[in-house]
Amino acid sequence: MGLTVLSGPSGVGKGTVVAAVRRLFPDVWVSVSATTRLPRPGETEGVEYHFVDRDHFVRMAKDGELVEHAEFAGNWYGTPRAPLERRLTTGLPALLEIELQGARQVRASMPSARFVFLTPPSWEELVRRLTGRGTEPPEVIERRLDRARVELAAEKEFDAVVVNDDVEAAAARLVSLMTDS
Ligand SMILES: Nc1nc2c(ncn2[C@@H]2O[C@H](COP(=O)(O)OP(=O)(O)O)[C@@H](O)[C@H]2O)c(=O)[nH]1
Ligand SMILES: Nc1ncnc2c1ncn2[C@@H]1O[C@H](COP(=O)(O)OP(=O)(O)O)[C@@H](O)[C@H]1O
């Protein structure tokens, strides 16, 4: 059990697959990140993210309250340390859903974690999903696709690669990776 880190390009379906993992595996614990990004319609403080302003984020980072943090497409994201450490002391599974730079920081500080990369069936399908979600304006989609190229090139750094073709199959694979000792 222990810590699993899930990464993958924006729009690949990380949030969708993690929601399916929660249904398959209700005991899973998923870290709630801090971010300077504004909430999307339907997002709630403390559920998808802790939404903080830049000053607050910088203070958290400076005070060592974040396990890792990174800038992604113009906003900051980071994993709060205290709740993750509390969870890890129980020995029960914990999941982080974070981008590549953060995953690299966790790899350096917690090398025993499992690193899983979620990848799309094709580049065209990734563009379709990111555009189809309808949550970002075109210029933000462009920045995320730029990052997606970088992230896809780093697939080999991960312990396992899961293709998100079918959501349920991808979720089942992630659960088996998380629970494999
Ligand atoms: N490094 C890091 N990345 C994070 C964290 N939380 C979320 N992310 C990543 O930030 C990126 C953007 O997240 P978000 O704005 O929610 O967009 P979405 O993943 O496309 O729905 C995604 O790759 C997330 O996995 C975090 O705590 N640390
Ligand atoms: N396996 C899949 N097949 C088709 N569409 C998917 C699949 N997984 C996710 N999607 C869709 O792709 C879009 C992006 O998914 P989301 O979970 O928000 O991605 P991420 O969290 O990686 O940015 C959403 O509209 C979602 O419904």
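Is Ser10 buried or exposed, going by the other C-beta atoms within 10 Å? Ser10 is buried, because 21 other C-beta atoms lie within 10 Å and the cut-off for buried is 20 or more. Keep in mind that this is a predicted model.

**View 1. Ser10 sits in the loop between β1 and α1.** Zoom in on this loop and you can pick out what Ser10 touches: Leu130, Arg144, Arg147 and Ala148, once residues up to four places away in sequence are left out. Ser10 also turns up in the UniProt record, where an unreviewed entry places a "binding site" feature at Gly8, Pro9, Ser10, Gly11, Val12, Gly13, Lys14 and Gly15.

**View 2. Val12 is found in the loop between β1 and α1.** Here the count is 26 other C-beta atoms within 10 Å, so Val12 is buried. Setting aside neighbours within four places in sequence, Val12 makes contact with Leu118, Thr119, Pro120, Leu126 and Asn164. Val12 is also one of the residues listed in the UniProt "binding site" feature.

**View 3. Ligand 2 is surrounded by 15 residues.** The closest ones are Gly13, Lys14, Gly15, Thr16 and Arg129. Two elements, α1 (14–24) and α5 (123–133), each give two or more residues to this shell. Sorted by class, the shell has 8 polar, 5 charged and 2 nonpolar residues. Some names carry over from the record: Gly13, Lys14 and Gly15 are among the residues in the UniProt "binding site" feature.

**View 4. Helix α1 has buried residues on one side and exposed ones on the other.** Follow the helix and you'll find Lys14, Val17, Ala20 and Val21 buried. They cover an arc of only 125 degrees around the axis, which is why they end up on the same side of α1. Gly15 and Arg23, on the other side of α1, are exposed. What do the buried residues of α1 pack against? Their partners are three strands, β1 (3–7), β7 (94–97) and β8 (114–119), plus the helix α7 (167–179).

**View 5. Zooming back out, the protein has 7 helices and 9 strands.** The radius of gyration is 16 Å, close to the 16 Å from the globule rule for 181 residues, so the protein is as compact as a globular protein of that length. The C-alpha trace spans about 40 × 40 × 30 Å along its principal axes. Of the 181 residues, 31% count as buried. Among contacts with a separation of 6 or more, 70% come from residues 24 or more positions apart.

Methods:
Residues numbered from 1 in each chain as written. Chains lettered and ligands numbered in written order. Predicted model: local features only at pLDDT ≥ 70, side-chain atom pairs only at ≥ 80, totals over all residues. Near = placed C-beta within 6 Å. Helix = DSSP H or I, 4+ residues; strand = E, 2+ residues; numbered from the N terminus. Nonpolar A, V, L, I, M, F, W, Y, C, P; charged D, E, K, R; others polar. Buried ≥ 20, exposed ≤ 12 C-beta atoms within 10 Å, placed from the backbone. Arc of directions from axis to C-beta. Contact = placed C-beta atoms within 7 Å. UniProt positions renumbered as here; feature names shortened; annotations may be inferred. Rg over C-alpha atoms; globule rule 2.2 N^0.38 Å.
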